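Trainee: I'd like a close look at one topic, please: salt bridges. Take me through them slowly, with the cut-offs as you go.

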Amino acid sequence: MRGRLERIDWPPLALALAALIFLVWLGRDMTFYHDEWALILKRDLSINGIFAPHNEHLSATLVVLYRVLIGTVGLGSYWPYLGVTFALHLIVAGLVYVIVRRETWAGWALGAMAVMLVLGSGGDDILWAFQSATIGAMAAGIGAMVVAPRRPGLAAVLLTVSVATSGASLAFLAGTGVHLLLTRPRALPWLLVPAGLYFAWYVTIGHSGIAALRSPSLDGVPEYVAVGLAASAAGALGSTAQAVGLAACVAVAVGLVVFRPIPPIVLALLAAGVAFFVIAGTVRAELGSEQATAPRYVYIVAPVFIVAGAILLARVPRPLGLRIAEVALIFAFIGNVVLLLAAHDRLVSKIECERSMTPLARGSAGNPC
């Protein structure tokens, strides 16, 4: 028993516990909001209830999760729902730690994990239980990318779970494809399983979600992608300034050229980040490129820049690389904590805005809050 305890990597566990305490404190004011009411009132465990698209997303696992929680713990407390979101968020942060730790040292990995744990630039996802879909798809998708070269079958299973959870999964499906192409191309056929299942859903049911919004278009997609990547890079540094994001993107691009060879997982994650905004842009770009800066999108792609930044900075010769990393970590951590507090206040104001509305009105597309 003592030997097992000594083998446990305690620092990331302690860091996760400290972050969880902070998140629980922030979650004290949260409750059911907006889209959750549509899920609660209009979805059941019928085929259509599970597989009908929510907007353009397949959210089958989220529907099942909510029906199970409603049937077991009811709607009296928001904590069981938010607890799932927090658990998934910790998994994503843990995956960031694992990826960076494999390529650098424990200190660098802990720093990257710390920023991910308090990623206030994507704080709406962390503090809103409905976003368990996005975070769950990320956890399964990034997990698939990590294990794909050695266990492509497990990666296919994880990606199947991911595609059944949120449309964000398609970016990680693409990223896993890039990772396998670079490391084990013969295993690429495994990806036909999740891709085929998603395609079958889209053809039979899912296309109605896209048609209900607008016809996919490539107009404005390049700008949408550029703005989204800059916002995500800025978010990784705890900022919302596009200039900060552009500078970070340039720094990453320079690092990719200078510090070759680049680990395949880094290239795969960057490909996933680009793929996400390309896919989102085909149905969202008409809303304007500013829409790509939404916190719920920044949360998805910011981890890409956290991982890439940590691994590339670790290759800068010391002491310069270490000094830059220290400044970036302090800036990113404090900035994201401030943004997380702001996300809490923003969600509280929206919840207050809904209090006079009926649950059905709260879950409607016309909800002004």
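**Salt bridges, pair by pair**

Mentor: Happy to! Aspartate 124 is buried, with 12% relative accessible area (buried is under 20%, exposed over 50% and partly exposed in between, using a 1.4 Å probe and protein chains only). Keep in mind that this is a predicted model, where local features need pLDDT of at least 70 and side-chain atom pairs pLDDT 80 or more, while totals for chains, interfaces and linings use all residues. Residues are numbered from 1 along each chain as its sequence is written, and side-chain values use heavy atoms, without hydrogens or water.

The partner of aspartate 124 is arginine 346: the two form a salt bridge, with the closest N and O atoms 2.6 Å apart (a side-chain nitrogen of Lys or Arg within 4 Å of a carboxyl oxygen of Asp or Glu). Arginine 346 is partly exposed, at 31%. Aspartate 124 sits in helix H8 (residues 123-127) and arginine 346 in helix H17 (residues 320-354), so their salt bridge ties together parts 222 residues apart in sequence (helices are DSSP runs of H or I, at least four residues, numbered from the N terminus).

Helix H17 also holds arginine 323 and glutamate 326, three residues apart and thus separated by about one helical turn. Their salt bridge has its closest N and O atoms 3.7 Å apart. Arginine 323 is partly exposed at 45%, and glutamate 326 is partly exposed at 38%.

Arginine 28 and aspartate 29 pair up too, with 3.7 Å from N to O. Arginine 28 is partly exposed at 41%, as is aspartate 29 at 32%. In the whole structure, the search finds five salt bridges.

Terms used: Helices (H or I, at least four residues) and strands (E, at least two) are DSSP runs, numbered from the N terminus.
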